[in-house]
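Visitor: I would like a close look at one single part of this model, with the cut-offs behind each term stated as you go. Please set that part in its surroundings as well.

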Amino acid sequence: MSGFPLACAMICATATLAPAAFAATETIPVTGALTTSELTGTVTVVDQERRMLTIQTPEGTFEVIHVPDQVTRLDQVKIGNKLTINQTDAVVVDLQKGPGTGSVSVTKETVTERAPGNKPGGTIVNTMTRSGRVEAVDKANSTVTVRGPTQTQTYTVRDPALLNSVVPGDGVVLTYMHVLRGEVKFR
């Protein structure tokens, strides 16, 4: 008798049990924040060796910009070009409850998307996710102690009601995104 029927039975049993295990895990958004800024100006210096640009803003100030390695068309940027850079920073904190939560880790990812067309431009998204585990909850002092990848730290919680559902062993996930979008307009 071959092991094929047994293997099929095991795969089917695993497939039906896996959703049940994941269904017991709950992610609860806790807080988040977002900031955006824009920098516009005329390119006055292009230093390809050091990967730096200097631009003069409409207000007359000079800004020196380090150009990330992911930018592949720096050689096409010329003095006199108009440059616009939009920066967005976002952070989200989630609480995870259920089996398998509370792992301690750090992951990083960079995604680069080149803008279509002839002009240099595109978007760089850097994402870092830090996961930790709740070690202690002190409702009287409105604090929570979280063990992260590099240290254990106690945080004061502004809204004490948030601590009502937090217990040691819960997971805390902080996701930070830094998005740079740049566009060059030829003179």
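Guide: Let us take the second largest pocket, to whose lining strand 1, strand 3 (62–66), strand 4, strand 5 (105–114), strand 6 and strand 9 each give at least two residues. Strand 9 supplies the largest share of that lining, 5 residues. This is a predicted model, in which local features need pLDDT of at least 70 and side-chain atom pairs count only at pLDDT 80 or more, while totals for chains, interfaces and linings use all residues. Residues are numbered from 1 along each chain as its sequence is written, and side-chain values use heavy atoms, with hydrogens and water left out.

The second largest pocket (an open set of points on a 1 Å grid over the protein atoms alone where a 1.4 Å probe fits, with protein on both sides within 12 Å along at least five of seven lines) has a volume of about 520 Å³. Its lining (residues with an atom within 4 Å of a point) comprises 30 residues, and Val-67, Val-71, Gly-122, Ile-124 and Gly-182 lie nearest the centre. By class, this lining holds 14 nonpolar, 10 polar and 6 charged residues, with Gly counted as polar.

Among the residues nearest the centre of this pocket is Val-67, and Val-67 also belongs to the largest nonpolar core (buried nonpolar residues joined through side-chain atoms within 4.5 Å, buried being under 20% relative accessible area with a 1.4 Å probe). The other members of this core of 10 residues are Val-43, Leu-53, Ile-55, Ile-65, Leu-74, Val-77, Leu-83, Ile-85 and Val-184. Strand 2 (52–56) and strand 4 (82–97) each contribute at least two residues to this core. Within it, Leu-83 touches (heavy atoms within 4.5 Å) Val-43, Leu-53, Ile-55, Ile-65 and Val-184, among others, when residues up to four places away in sequence are not counted. A second, separate core of 9 residues includes Leu-95, Val-134, Val-144 and Val-166.

Val-144 turns up again at the largest pocket, where Val-93, Val-144, Val-146, Tyr-155 and Val-172 lie nearest the centre of a lining of 30 residues. That pocket has a volume of about 840 Å³, and its lining divides into 17 nonpolar, 9 polar and 4 charged residues.

As for the wider setting, the protein has 1 helix and 9 strands (DSSP runs of at least four and at least two residues, respectively), and 26% of its 187 residues count as buried.

Definitions and conventions:
Buried means under 20% relative accessible area, exposed over 50%, partly exposed in between (1.4 Å probe, protein chains only). Grid points are joined across faces, edges and corners, and a volume is the space filled by probe spheres set on the points.
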